[in-house]
2 protein chains.
Amino acid sequence: MSDLLDRLRGRGWRMTSQRRVVAQVLDGDHVHLTADEVHARAAALLPEISRATVYNTLGELVSLGEVIEVATDGRARRYDPNAHHPHHHLVCSECGTVRDVHPDRDPLTDLPARERFGFTVAAAEVTYRGLCPDCAKA
Amino acid sequence: MSDLLDRLRGRGWRMTSQRRVVAQVLDGDHVHLTADEVHARAAALLPEISRATVYNTLGELVSLGEVIEVATDGRARRYDPNAHHPHHHLVCSECGTVRDVHPDRDPLTDLPARERFGFTVAAAEVTYRGLCPDCAKA
DNA sequence: TCCTACGATGGACACAGTCCAAGTCAAGAA
DNA sequence: TTCTTGACTTGGACTGTGTCCATCGTAGGA
């Protein structure tokens with residue numbers, strides 16, 4: 001994830017301890033934290049970090065295209081650092097766990113012109129829903 | 001939409017003026033209102049209706065399967081009365097307009113077993129994003 | 001080492017949604 | 001038709017999520 005820090009520095013980002021900690025917390029695969037979770041984990045490393053800073057930093061990462069915002073339910077947005085590999089999401093309806101998945105086909109190709117209503121369609125996000133192994137057992 | 005009222009009565013719903021008004025407001029195609037919008041339109045017909053009742057009624061309609069909850073952004077949930085015809089959504093990134101669309105293929109068939117991580121996958125929702133004709137012009 | 005513009009802070013605010021105790025009323029019973 | 005009752009509605013308090021802003025602090029160039 002120091003790749004990320006390097007890229008950010010290259011873009012003229014001022015490197016502060018707060019930003020470093022937020023980037024560090026977002027490292028890894030299948031990471032889909034809410035802003036509050038990011039704040040909690042960041043605060044474990046840097047106790048004084050404020051909520052506003054976490055929101056600011058996440059917002060910047062999103063507009064730089066380094067992190068993707070995911071709205072799996074109508075509740076808190078989740079932040080996905082896996083922004084450089086196109087993928088979709090599989091969500092457990094019970095516990096909310098999210099996994100990154102890679103379907104065989106891009107759904108964009110399956111939306112015929114007559115169903116586009118004159119829109120310039122740029123992207124398609126798929127949310128698969130079901131039960132994760134743990135919740136299916138219970 | 002009196003179909004809906006009939007179905008609800010058949011299911012033992014007590015028919016109150018509030019519920020009638022909420023059902024009436026949700027009538028139509030390409031309707032994707034937020035709870036607050038439903039409340040505003042319902043209040044135009046029945047001024048005393050409360051926010052809590054609108055939320056209760058929407059929640060009941062959703063659990064009866066008569067209305068679908070849509071989370072197109074991380075903000076307010078939207079309510080879609082077109083629950084009996086499977087479809088997906090096309091959202092304008094600029095103004096938020098939503099249209100119902102019908103792709104040629106069900107994306108569920110394109111998620112191979114190795115990408116299911118042991119989940120029991122039940123459904124797939126596709127959100128297409130782009131610019132609507134009006135916003136593309138501006 | 002000094003400067004300063006960019007970033008961090010925390011507290012107030014706005015919005016979305018939930019919960020609850022008390023009052024109201026739809027619809028079946030008599 | 002009136003009575004009864006439990007389901008429904010109400011408004012207000014409360015929680016969670018996200019935004020805004022004035023002020024303070026500091027990274028990094030001169």
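**B:Leu90 has B:Tyr128, in E6(B), as its bridge partner.** E4(B) and E6(B) run parallel to one another and are joined by four bridges; two strands are said to pair if DSSP finds at least two bridges between them. Strands (E, at least two residues) and helices (H or I, at least four residues) are DSSP runs, numbered from the N terminus. In general, strands of a sheet pair through backbone hydrogen bonds, either parallel or antiparallel. The model shown in these views is predicted, so that local features need pLDDT of at least 70 and side-chain atom pairs count only at pLDDT 80 or more, whereas totals for chains, interfaces and linings use all residues. Residues are numbered from 1 along each chain as its sequence is written, chains are lettered from A and ligands numbered from 1 in the order in which they are written, and side-chain values use heavy atoms, with hydrogens and water left out.

**Strand E6 of chain A pairs with E6(B) across the two chains.** The pairing between strand E6 (residues 120-131) of chain A and E6(B) is antiparallel and extends over eleven bridges. Within this pairing, A:Glu125 has B:Thr127 in E6(B) as its bridge partner, while A:Thr120 is matched with B:Leu131.

**Chain A and chain B meet in an interface with 42 residues from each chain.** Contact here means heavy atoms within 4.5 Å. About 3500 Å² is buried between the two chains, and carbon and sulfur atoms give 58% of that area; buried area is the accessible area (1.4 Å probe) that two parts lose on being put together, summed over both. Four salt bridges cross the interface, a salt bridge being a side-chain nitrogen of Lys or Arg within 4 Å of a carboxyl oxygen of Asp or Glu. In one of them, the side chains of B:Arg114 and A:Asp104 come together with an N to O distance of 3.8 Å. On the side of chain B that touches chain A, strand E4 (88-92), strand E5 (98-101), strand E6 (120-131) and helix H5 (133-137) each supply at least two residues, and E6(B) gives the largest share, twelve residues. Sorted by class, that side of chain B has 22 nonpolar, seven polar and 13 charged residues; Ala, Val, Leu, Ile, Met, Phe, Trp, Tyr, Cys and Pro count as nonpolar, Asp, Glu, Lys and Arg as charged, and the others, Gly among them, as polar.

**DNA strand C is surrounded by 18 residues, the closest being A:Arg14, A:Thr16, A:Gln18, A:Thr53 and B:Arg77.** A residue is near a strand if one of its heavy atoms lies within 4 Å of it. Of the atoms of DNA strand C within 4 Å of the protein, 69% belong to sugar or phosphate, and the rest to bases. Polar contacts are pairs of N or O atoms within 3.5 Å (within protein, one must be able to donate a hydrogen and the other to accept it, and residues adjacent in sequence count only if both atoms are side-chain atoms). An N or O atom in the side chain of A:Arg14 is 2.8 Å from a base oxygen of DNA strand C, and one in the side chain of B:Arg51 is 3.0 Å from a base nitrogen of that strand. A phosphate oxygen of DNA strand C, in turn, lies 3.2 Å from a polar side-chain atom of A:Arg19. Helix H2 (17-25) and helix H4 (51-63) of chain A, together with helix H4 (51-63) of chain B, are the elements that give two or more residues to this surface.

**DNA strand D is surrounded by 19 residues, and the closest are A:Arg14, A:Arg77, B:Arg14, B:Thr16 and B:Thr53.** Sugar and phosphate make up 67% of the atoms of DNA strand D that come within 4 Å of the protein. The side chain of A:Arg14 places an N or O atom 2.9 Å from a base oxygen of DNA strand D. A polar side-chain atom of B:Thr16 is 2.7 Å from a phosphate oxygen of the strand, and a backbone N or O atom of B:Glu48 is 3.2 Å from a phosphate oxygen.

**Three strands of chain A form an open antiparallel sheet in the order E1-E3-E2.** Strand E1 (33-34) and strand E2 (68-70) of chain A stand at the edges with a single partner strand each, so one side of each is left without a neighbour in the sheet. E2(A) is joined to strand E3 (residues 78-80) of chain A by three bridges, and A:Ile68 has A:Asp80 in E3(A) as its bridge partner.

**A:Glu66 and A:Arg7 form a salt bridge, with their closest N and O atoms 2.7 Å apart.** A:Glu66 lies in the loop between H4 and E2 of chain A, and A:Arg7 in helix H1 (residues 2-10) of chain A, so the pair ties together parts that are 59 residues apart in sequence.
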